[in-house]
Amino acid sequence: MKYLKNSVASLSILSGLFCLTGCQDDGVLKGEVGIEEYVPQGTNDVAGSVLIHIIEEGDEDSRALPLSVLRMVDIETAQNEYVKFNCEQRKDGKWCAVAQIQKALDKPFVVIPVKIIPKEFPEEARTVLMVLRQKGATTKSGDAITSVYSEVLGKGTRCYGPVGNTLGSVLLYDQISKLGEEYLTANTTQKQFSMLEFSGDSYEKTMEDWSVNVGASFKKTRKKGLTSSEKGILKDIKDFLGDAEYERQLTSMLKKKPSYVWTGSFDLGVSGSLSTSESYEYYLNLYRVKMSEVRMNMSAFEQEKKDPALLALLSPTFVRALNVDNINTTAFYDDWGTDIITQGSFGGYNIYIYGRQENVYEYSVGFDAQGSLSRSKPTSTGKTWKDIYANAHSDYAEGHFDVAYQNENYEKASKAVSLQTSTGGDLAIDDPQKWLDGFNTDGSDSKWALIGYNVSSDDKDNTLCRLYPIEELVGQIAFTYDQVVTDKTEADIEAVTRLLNNYSELLNAKDDYLDSKQVVQRAKSRLVLADILIKSGANGHKNGEPTPFVAQDPNDQNNYLTYYPVMANANAPCENGYAFEPTCHHYIDATDNDDKYIYYALAPSDKCLGIVDAVFCQEGTAKDFNGGKYYIPRGVHADHDMDGALDNNYLFVKYYDEGVDIDPSKKITAIGFANIDNHDVIISSTGGSELRMNATETEENKFNQFWDKKNWNWYAGDRSGKSWVFYEGGLVRHNRFYVVYTTQDLPIQHFREGSVWQPKRWGE
């Protein structure tokens, strides 16, 4: 008797010496029957294509392997002291290979090759690897940590779903738990409290940051299955060299498949709670309490190790799911998941994600997120999650800042979205401090949850996915059978080839399957000018003015816009870097009783009507031109609260009318104010097109290119001259300016800090 003993798992592979314990001679001579009288039509072989059969001690049903035969066959069992197999016919007439237990196992499991032989057709024999294993131990009462591990370890999971989502068991935990330290390691003394936060990122980047930090990054290395040309080559090998060489080459090709990187974006189960629009920016805070971690060393089972201990861990239900000719890849991934959980960290976590339509209103999105938390209802300890973040030295929660700006209208204008959820710990507690304290109490381990697929022993590349691809396990099963069964018949070769082909199909189908589950970031429509107006401010440069404000969209009562003051750039005759103030004496000799500022609002083209024309002129004058009645004055007029003979010029705009203006590319993206008395230089412009103070030479060149005269236009009603200046009348005027505009795309990627420049406020 020969044994190949595994020093850690105590696994024996019994092969080489077979004991014929099969069927009695039924008196039929070879030549009197054909193979079709052994194997029914539509069946591949006498074992029904089965490669692996698992027998649990104490489970009578698992002792019988149904055979695909119509009459008695011989059965040869590799010599061993534990079991032998007989061919028996059940009451329903079906034949089975039935295990006769000879001795109770004194080791966790043993793998026994069993050959099923049609008497007259030994070349049609099939070898099945019978896995005899001890009955799995049930989780001990009170063994909470073991119970927590058993809920996830070895189970299939959908990588695109919530962290720790599980389907059926692929590898059985009660068998995994018997493995030695070469295969399974655990650390139950972690107790690590940590916080990670990210601010100002897109939806896609936010999801990536989250996935990377829980070991579910999908920038992962994968393999492809057979290509069409490779299939053609293999067909020729099969036709000319036979099945054995075909199977050998197929195995070699699949083992040597080169790796490549597949990237994807998933929402980890928060679909519908957040906006996937590219126009949104997000804050993410991941607060984790890691109490323990466990890891299976899957590399110990890979083909180079030649270690069939893997077979002893398999779920019988999963093994049966592989026993098909042409696998339905979509149904397989739906039913079993995309990956297997083979390691993870346990404890609890709280995740908080806050998003808003990108803006530069007051503070960055990180401060907006904390402002929203600060309005949470009081808890018994008086602490909110903002306090917890502050104690962990958050860049946004520490210190105090005025959140009065975050009123209802601001929330509407910023289109704020958020989610916050906790996993693990005592979820009945709504006080964050008490929730955290609960991890230090006795018995808290019963409430631990899987909080990530990564463990401290992982390599430094934290962008890798720590889940084990389920299709790779299918390949390992086929490779293991191929290595253990060294004297394969033609029928064995065909059976293992079917599984290898299923493996190849799963490899090739994985990308399309994952692509179908992606939550793709929606490209934002281009930014356009949603509105522009003149607004009065306190006279005399009041400290802190002018400030942005939120107001109802003049074209949609259910929509709110954020308005920003335009800035006087370095080309302006005065107040450079501050708000552009048309009432300044550098523009007109008159006494003003208030300060006037020009405000603009930007929005994605599909979220507003937009503007197609703008001009300074009197209310009656605009109506004299063709289509002038469709121009609307926005804000106060030039002579408002002025001492002097000025006309009451307004800033008139014509909004986009989709019934007339059928081309949305005609929407204005930026308005500039050109100085007639200084070669039409642009002295101020709306967001995304401005010239910031202390601009570099490159920035100044880009500004000049954007505002090149060939790129802009002015009042469509009369473009014969440039008489449409802000001030009319008999007073002395200097640095006269008029409205010009452009419809070209703004030269910025995002409407965020560093892309749009707000003017300094008076007193700064």
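Which residue stands opposite Asn-350 in S19? The exercises below work towards this and related points in a predicted model, where local features need pLDDT of at least 70, side-chain atom pairs count only at pLDDT 80 or more, and totals for chains, interfaces and linings use all residues. Residues are numbered from 1 along each chain as its sequence is written, and side-chain values use heavy atoms, with hydrogens and water left out.

**Exercise 1. Describe the partners and the surroundings of strand S18.**

Solution. Begin with the terms: helices (H or I, at least four residues) and strands (E, at least two) are DSSP runs, numbered from the N terminus, and two strands pair if DSSP finds at least two bridges between them. Strand S18 covers residues 343-357. Strand S16 (residues 280-296) runs antiparallel to S18 and is joined to it by 15 bridges, with Tyr-282 standing opposite Gly-355 in S18.

Next, take strand S19 (residues 417-423), which pairs with S18 in the antiparallel sense over seven bridges; here Asn-350 stands opposite Ser-422 in S19, which settles the opening question. Strand S20 (residues 449-452) also pairs with S18 in the antiparallel sense, over three bridges, and Gly-347 stands opposite Ala-449 in S20.

Finally, consider burial, where buried means under 20% relative accessible area, exposed over 50%, and partly exposed in between (1.4 Å probe, protein chains only). Because 15 of the 15 residues of S18 are buried, this strand is largely enclosed by the rest of the structure.

**Exercise 2. Work out how helix H5 and helix H13 are placed.**

Solution. Axes are lines fitted to C-alpha atoms, for helices over the stretch in contact, and angles run from 0 to 180 degrees between N-to-C directions. The axes of H5 (residues 243-255) and H13 (residues 490-517) come within 10 Å and cross at roughly 30°. Angles under 35 degrees count as roughly parallel, over 145 as roughly antiparallel, 65 to 115 as roughly perpendicular and the rest as oblique, and H5 is therefore roughly parallel to H13.

The residues that make the contact (heavy atoms within 4.5 Å) include Tyr-246 and Leu-250 of H5, together with Ile-493 and Leu-500 of H13.

**Exercise 3. Repeat the analysis for helix H7 and H13.**

Solution. The axes of H7 (residues 329-336) and H13 come within 9 Å and cross at roughly 65°, which means that H7 is roughly perpendicular to H13. Among the residues that meet are Phe-332 and Tyr-333 in H7, and Leu-506 and Tyr-513 in H13.
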